[in-house]
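Visitor: Could you pick one part of this model and give me a close look at it? I'd like the details first and the wider setting after that.

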4 protein chains.
Amino acid sequence: MGRWKNAHKTNDEIQRLKRMTVLKEAGRAFSKYGYHNTSLDEVARALGIVKGTLYNYVRDKQEILFECHSLAQDIGDQAIAKGLRDGRTGAEKLTITLQSYIAAMFEDLGACAIIMEIDALRPADRRKVVARRDAFEQSFVTMIEEGMRDGTLLRMDPKIAVFTFMGAINWMPRWYREDGRLSGPQLAAEVTRLLVDGLRARK
Amino acid sequence: MGRWKNAHKTNDEIQRLKRMTVLKEAGRAFSKYGYHNTSLDEVARALGIVKGTLYNYVRDKQEILFECHSLAQDIGDQAIAKGLRDGRTGAEKLTITLQSYIAAMFEDLGACAIIMEIDALRPADRRKVVARRDAFEQSFVTMIEEGMRDGTLLRMDPKIAVFTFMGAINWMPRWYREDGRLSGPQLAAEVTRLLVDGLRARK
Amino acid sequence: MGRWKNAHKTNDEIQRLKRMTVLKEAGRAFSKYGYHNTSLDEVARALGIVKGTLYNYVRDKQEILFECHSLAQDIGDQAIAKGLRDGRTGAEKLTITLQSYIAAMFEDLGACAIIMEIDALRPADRRKVVARRDAFEQSFVTMIEEGMRDGTLLRMDPKIAVFTFMGAINWMPRWYREDGRLSGPQLAAEVTRLLVDGLRARK
Amino acid sequence: MGRWKNAHKTNDEIQRLKRMTVLKEAGRAFSKYGYHNTSLDEVARALGIVKGTLYNYVRDKQEILFECHSLAQDIGDQAIAKGLRDGRTGAEKLTITLQSYIAAMFEDLGACAIIMEIDALRPADRRKVVARRDAFEQSFVTMIEEGMRDGTLLRMDPKIAVFTFMGAINWMPRWYREDGRLSGPQLAAEVTRLLVDGLRARK
DNA sequence: AATGAATGAGGGTTCATTCAT
DNA sequence: TATGAATGAACCCTCATTCAT
């Protein structure tokens, strides 16, 4: 069973594809149960293979965690880029960014997004992840500050807003069920509206 | 040296008080690092005692987790009660509830609130916690529905709003630093405003 | 069974003594079977305890190896010091050093001496051990050179002599049986004579 | 790329030659790093092939070890035969034997000689190796005893001398560097002289 | 009540070995 | 014959839990 057999066709990309399959399955589990609460035995079993086989595709558990963070951060950076490109006001940029970020989380790359356990990373990896995360959050802060200046957003400590948004989003994999009434993009739109409207300037 | 020695004076309440001290310290650690990533050795060391001593006050680690959940849910229920008592509209009730809930989290009972790892509970305990959590969330849903009817809140799926709020709040212990510029109640007010305004009806 | 129970009497030194017991038993096994071929399960069983218990006394297997090296090197340094103090010619210094080194190996501190697997050490530890070993060997070289100058020893590449001696000595734990006809010191004298006479100048 | 490709030409001997190549490469690694510290992955990589391919030529790792022992013991037996044939006194026989033994170790068949880990052998193999090793050592003992009788060697326990010699020789692969100033045969002569002179009778 | 030593189960990782292609 | 993916056993290490003092 599992997502392993006959999931991949072409022949030299198989390695990479299987590695991605491992990362995504592990990321899904990490997002849902937490890094320390996920054993590689379980990840392997979910893929229909054996724990030892994982090590043909990843170096160790910490590498999986790091790669999951990187994948999630790639998504985040793309969302930021889209927001900056397509939005005109601060509020627009923020809305576009959040929405595409959340939507991407439920896409193909799936719940591999949003891992919380930064402390479990190797120190060198942790520094990279933290640096990138700080830049990510700073981009939000900058958008919010722009919105404050252009009058589309309320004045408040931008960091608090950012952390609040991140918490709401990071929590989503824990309650989102694929069989819910809303599709991923619809859900993303709803949550984004809820979050951004709290920050939006009233007339 | 920890919060252990000469922290308690009266003689028969000592047992209960020390037990509470254990629960609160463990809850703080669970909130910040996660249940599985917190070893009882660390909890004991933070209290200035030895791991074995913990077992004079709690049965096992899972009991600690259950009690932490219960304490947090007590806080939640009190917040709900306060909201229902003091608020008139749905929006008011929601605001009062959220604000007092968050504020209590940073009170004396501290960050013992909000543990996420429901899966680590014993099955019987998990059922209790889940049932109570569902009731807690249902109270929110009811408030929000009332707000929709009385025109103070926007129409949207109330469950999504509740989960979004919970995520934002549950995440707070991970970024809140005691030396921040805002006190606990001030922070509670800010975050509450941000969250509820997202749901508030516009004129 | 094992060397564990009722082996230690005084009360605060017990920790240290048990740690030494672990180190010596592990060192004995390492010397005889090699580091990688010795499982901590076997070491623990030889001591009548369980593997996990070892970790009350040592941090990990690599620390055991490092400490064994250090103990052996302490013996080596003492032997060098004795040779330098009590010998007059180069040949005498060499003889005294080798003999007391070998004898000490079979003393109380036992076969914990002479581990070969330097590569298994943590890099930082390896640097320390290698530096100290180089100094140890250099002391031999210096003695031999002195013997060449004072006419008590033959002229040859001193390094080859030192390595040859070290090989002969390092090999001893693999064939020495306590029930042999010779005591430790007697054996030390025999082997030392054999080795040094090969290097001694003829008249 | 390794010693694998286009190293062998004739067609039915290829099997045997490749098997020898495997044995020699593995023996080299075993001598230098130890049996348990050498993974077949490393051996294969050094040969420019893949681990699985090894199993076309050897049954398992233990068989490699056994064959390495056998090859080394072949060398030993030839050295003994040469010593017995070409030497007249006990001292001469011993000298010739040791020197040709050591020299052969650094020949083409190389450091495949001298593996120490007898315990890793299959019991049946171990018995064979031990029996042959005992005979090998007994030949040395006999030579030494002859030297004692004919006055060319000192009187001492011959077993101690043999073990000492073996230790010194077995250790050589761990420190010998091919880029050293001395060639294999030169080194063999030096070490042999050093060892035998320790046992030589003085006038 | 408190200690600290001991235990045993569980998880991460390596690696010899097998097998389909 | 060569490959490389997969397996499973063995090992190191952590940690919740127990127990004698």
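Guide: First, a yardstick: a residue is buried if 20 or more other C-beta atoms lie within 10 Å of its own, exposed if 12 or fewer, and partly exposed in between, with the C-beta atoms placed from the backbone. Let's use it on Glu190(C), which comes out partly exposed, as 18 other C-beta atoms lie within 10 Å. Bear in mind that this is a predicted model, where local features need pLDDT of at least 70, side-chain atom pairs count only at pLDDT 80 or more, and totals for chains, interfaces and linings use all residues. As for labels, residues are numbered from 1 along each chain as its sequence is written, while chains are lettered from A and ligands numbered from 1 in the order in which they are written.

You'll find Glu190(C) in helix 8 of chain C, residues 184-199. (Helices are DSSP runs of H or I with at least four residues, strands are runs of E with at least two, and both are numbered from the N terminus.) Set aside the neighbours within four places in sequence, and Glu190(C) is in contact with Leu182(C) as well as with Met156(D), Asp157(D) and Ile160(D). Contact here just means that the two C-beta atoms, placed from the backbone, lie within 7 Å. Arg88(C) sits 102 residues from Glu190(C) along the chain, and their C-alpha atoms are 21 Å apart.

For a contrast in the same chain, try Asp60(C), in the loop between helix 3 (51-54) and helix 4 (61-86) of chain C. Asp60(C) is exposed, having 12 other C-beta atoms within 10 Å. Its C-alpha atom is 9.7 Å from that of Leu40(C), a residue 20 positions away along the chain.

Back to those chain D partners of Glu190(C). The contact between the two chains draws 27 residues from chain D and 25 residues from chain C. On the chain D side, helix 7 (158-170), helix 8 (172-175) and helix 9 (184-199) are the elements giving two or more residues. Helix 7 of chain D gives the most, eight residues. Sorted by class, this side of chain D has 15 nonpolar, seven polar and five charged residues. (Nonpolar covers Ala, Val, Leu, Ile, Met, Phe, Trp, Tyr, Cys and Pro; charged covers Asp, Glu, Lys and Arg; the others, Gly among them, are polar.)

How do chain D and chain C sit relative to each other? A rotation of 178° with 0.0 Å of shift along its axis lays chain D on chain C, at an RMSD of 0.4 Å. The two copies are thus related as by a two-fold rotation axis. (Superposition is by least squares on the C-alpha atoms of residues with pLDDT of at least 70 in both copies.) And 93% of the interface residues of chain D are also interface residues in chain C, so the copies meet through the same surface.

Now over to chain A and chain B, whose contact takes 26 residues from chain A and 27 residues from chain B. Helix 7 (158-175) and helix 8 (184-197) of chain A each supply at least two residues of the chain A side. The largest share, eleven residues, comes from helix 7 of chain A. That side divides into 14 nonpolar, seven polar and five charged residues. A turn of 178° and a shift of 0.0 Å along the axis put chain A on chain B with an RMSD of 0.3 Å. In chain A, the C-alpha nearest that axis belongs to Gly198(A), 1.7 Å from it. Here 100% of the interface residues of chain A are also interface residues in chain B, so these copies, too, meet through the same surface.

And which chains keep apart? Chain B and chain C share no contact, with their closest C-alpha atoms 13 Å apart. Chain A and chain D do not touch either, and their nearest C-alpha atoms are also 13 Å apart.

Last, a step back to chain A as a whole: its secondary structure is eight helices and zero strands. The C-alpha trace of chain A spans about 60 × 40 × 30 Å along its principal axes. Of its 203 residues, 40% count as buried. Among contacts in chain A with a separation of 6 or more, 71% are between residues 24 or more positions apart.
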